[in-house]
Structures are given as C-alpha cells and as structure tokens.
Amino acid sequence: MSMQDIDWNEYWPPIRLSLQVALLSSVLVIILGLLVAWSMSRLGLFKGKTVVETVLMLPLVLPPTVVGFLLLILLGRKSGFGRFVEQWFGEPIIFSWWAGVIAAVVVAFPLVYRTLRMGLSSVDRDLENAGRSMGASEWQVFRYITFPLIFPSFKAAFILGFARGLGEFGATLMIAGNIPGKTQTIPTAIYIAVDAGHLPMAWAWTCSIILISFIMLLLTGQKNN
C-alpha cells in the first residue's frame, strides 16, 4: 500500500464522523443504560419483569439489519415521530448523522445495560441503607456510595458503548445510509472501498479504527493501574 494511493480528502471525513457518532452515542447510551439499570435493580421482582428485560436485550441478538429496518419504520417520514421531527427541524431524521447516533445507541444499549445491571446487583445494600440512616438523600447515597462502587462497571459499559458505536454498520447503513461527508462512517467507508476494489483506502480506514480502539483500551488500562 502506497501513501500516494490514499486520497486524504476522502480519508478524514469518515473518521471525524465516526468519532462524533461514537462519542455522542456512548454518552447518551451510558446515561440511558444507567437510568434503566438503576430503576430495574430497585424495582425488585414484579409481574412481567422477565419479559421487560428480554425486550431490553433484544437488540443484542437481532441482526443489525433487522434493528435498522425497525428503526426505519419507527423514524421514517411516514411515521408520526418522523413527521414530527421533520416539521420541527425542517428535515427528516433518517439519512442524517443523527440517525447514525440513534442506531448506535440502540445496538449498544443491551451491552451497556447488562454491564451496569451486574455492577448494581453487586452493591451491598447495607452500605446504602447505612447512608440513608445517617440522613443522606437518595442522590447523596448514589453519588457517594453506589456510584463509586459501580465505577469499574460504569467505565467498562462506556467503553463497550463507544466500541459498539464506532463499529456499528448494519443498522447505520439502513437508516443513515452511506452519504460521503454526511453519514459515511469508517465501517461503511471500508465496505464501499472493498466493494470498489480500492484496497489502499480500505486498509487506511481499517488501520485507523484499530488504532483508535487500541488507544482507548490503552488509556483505560493505564487508569486501572
């Protein structure tokens, strides 16, 4: 692979967009996952809880194209929500980079939720109750007792969310498309490059996504030491 075979004007936009989508989706999904995991852990047993948790985990086992198709139906211009967004913002949500963010959040949610749920289930309730008995509010109990205890799970969940958002392909292609400079992420760019026989560009994007993932894991490992 020669550096002269790489079009740098074409190389950078998918990387910038992928980082943008991965960062925003990981922030959104960690907040959503934490809220849902905390709620489910505090509700205890209730009728239908198994069904609810199964629904929450569905995107983990469904093919990404199926997830993308369902999102296309829910967010498309013929849906009520899709029409509302288009009227409010002046453009449809599908085939925009926001659609890529939504796809990344949906497919990453089960991994983030399960990781946080396991972390919350390991928290000693006696410690939380001790804080409450000393007059701490629920927010103070969460901030000073619960969150520090689940922080390793929180960090792992964030990494999983980021990685899943960075590598998302099927659902993103369904609802965001592959518009260069607008919705084309690294995975879709690699696919198109390979399909077109432009292997130098495919290798360049592949190396970039490996490097980004390696750096993130490396920085996380350093914080753990």
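1. Burial overall. Of the 225 residues in the protein, 42% are buried. The model is a predicted one, and every value below is computed from it. Buried here means under 20% relative accessible area, and exposed means over 50%. Partly exposed covers what lies in between.

2. Overall make-up. The protein has 10 helices and 0 strands. Read from the N terminus, the order of elements is therefore α-α-α-α-α-α-α-α-α-α. Along the principal axes, the C-alpha atoms fill a box of roughly 65 × 50 × 30 Å.

3. Annotated spans. An unreviewed UniProt entry carries the annotation "transmembrane region" for residues 17-38, 50-75, 95-113, 141-163 and 202-220. Such annotations may be inferred rather than shown by experiment. Two of these spans can be set beside the model. Residues 95-113 are 89% helix and 0% strand, and their end C-alpha atoms lie 27 Å apart. Residues 141-163 are 100% helix and 0% strand, with end C-alpha atoms 30 Å apart.

4. Helix α1. This helix covers residues 8-43 and includes W12. S18 is also found in helix α1. Are these two residues buried, exposed or partly exposed? W12 has a relative accessible area of 42%, so W12 is partly exposed. S18 has a relative accessible area of 2%, which is under the 20% limit, so S18 is buried. Two distances place these residues against other parts of the chain. W12 and T188 are 176 residues apart along the chain, and their C-alpha atoms are separated by 14 Å. S18 and G80 are 62 residues apart along the chain, and their C-alpha atoms are separated by 29 Å.

5. Helix α2. Residues 49-61 form this helix of 13 residues. From first C-alpha to last, α2 reaches 19 Å, close to the 18 Å expected at 1.5 Å a residue. Where is α2 kinked? The kink is at V55, is about 30°, and comes shortly before the proline P59. P59 is also one of the buried residues of α2, together with K49, L56 and M57.

6. Helix α5. This helix has 25 residues, 97-121, and reaches 35 Å from its first C-alpha to its last. The expected value at 1.5 Å a residue is 36 Å, and the span is close to that. A kink of about 45° lies at A108, shortly before the proline P110. How many residues of α5 are buried? The count is 18 of the 25, so α5 is largely enclosed by the rest of the structure.

7. The loop before α5. F95 sits in the loop between α4 and α5. Its phi is near 60°, a positive value in a residue other than glycine. This deserves a look, because most residues other than glycine have a negative phi. F95 has 38% relative accessibility and so counts as partly exposed.

8. The largest pocket. About 250 Å³ of space lies in this pocket. Its lining consists of V85, F89, E91, P92, I93, I94, F95, S96, W97, W98 and K182. Two or more lining residues come from each of α4 (80-89) and α5. By class, the lining has 8 nonpolar, 1 polar and 2 charged residues. F95, the loop residue of the previous point, is among the lining residues.

9. The cavity. Empty space inside a model can be found because rolling a probe the size of a water molecule over the atoms shows where such space is left. How many cavities of 30 Å³ or more does the structure hold? The structure holds 1, and the largest cavity has about 30 Å³ of space. Its lining is V21, G100, G165, L166, E168, T172, T185 and P187. These residues divide into 3 nonpolar, 4 polar and 1 charged. The glycines G100 and G165 belong to the lining, and glycine counts as polar in this division.

10. Helix α9. The helix covers residues 186-195, and I186, P187, T188, A189, I190 and A193 in it are buried. P187 also lines the largest cavity. T188 is the partner of W12 in the 14 Å distance given for α1. Just after α9, G197 takes a positive phi of about 80°.

Definitions and conventions: Residues are numbered from 1 along each chain as its sequence is written. This is a predicted model: local features need pLDDT of at least 70, side-chain atom pairs count only at pLDDT 80 or more; totals for chains, interfaces and linings use all residues. Side-chain values use heavy atoms; hydrogens and water are left out. Helices (H or I, at least four residues) and strands (E, at least two) are DSSP runs, numbered from the N terminus. The expected span of a helix is 1.5 Å times one less than its number of residues. The bend at a residue is the angle between axes fitted to the seven residues ending there and the seven starting there. Buried means under 20% relative accessible area, exposed over 50%, partly exposed in between (1.4 Å probe, protein chains only). On a 1 Å grid over the protein atoms alone, a cavity is a set of points where a 1.4 Å probe fits but cannot get out, and a pocket is an open set with protein on both sides within 12 Å along at least five of seven lines; lining residues have an atom within 4 Å of a point. Grid points are joined across faces, edges and corners, and a volume is the space filled by probe spheres set on the points.
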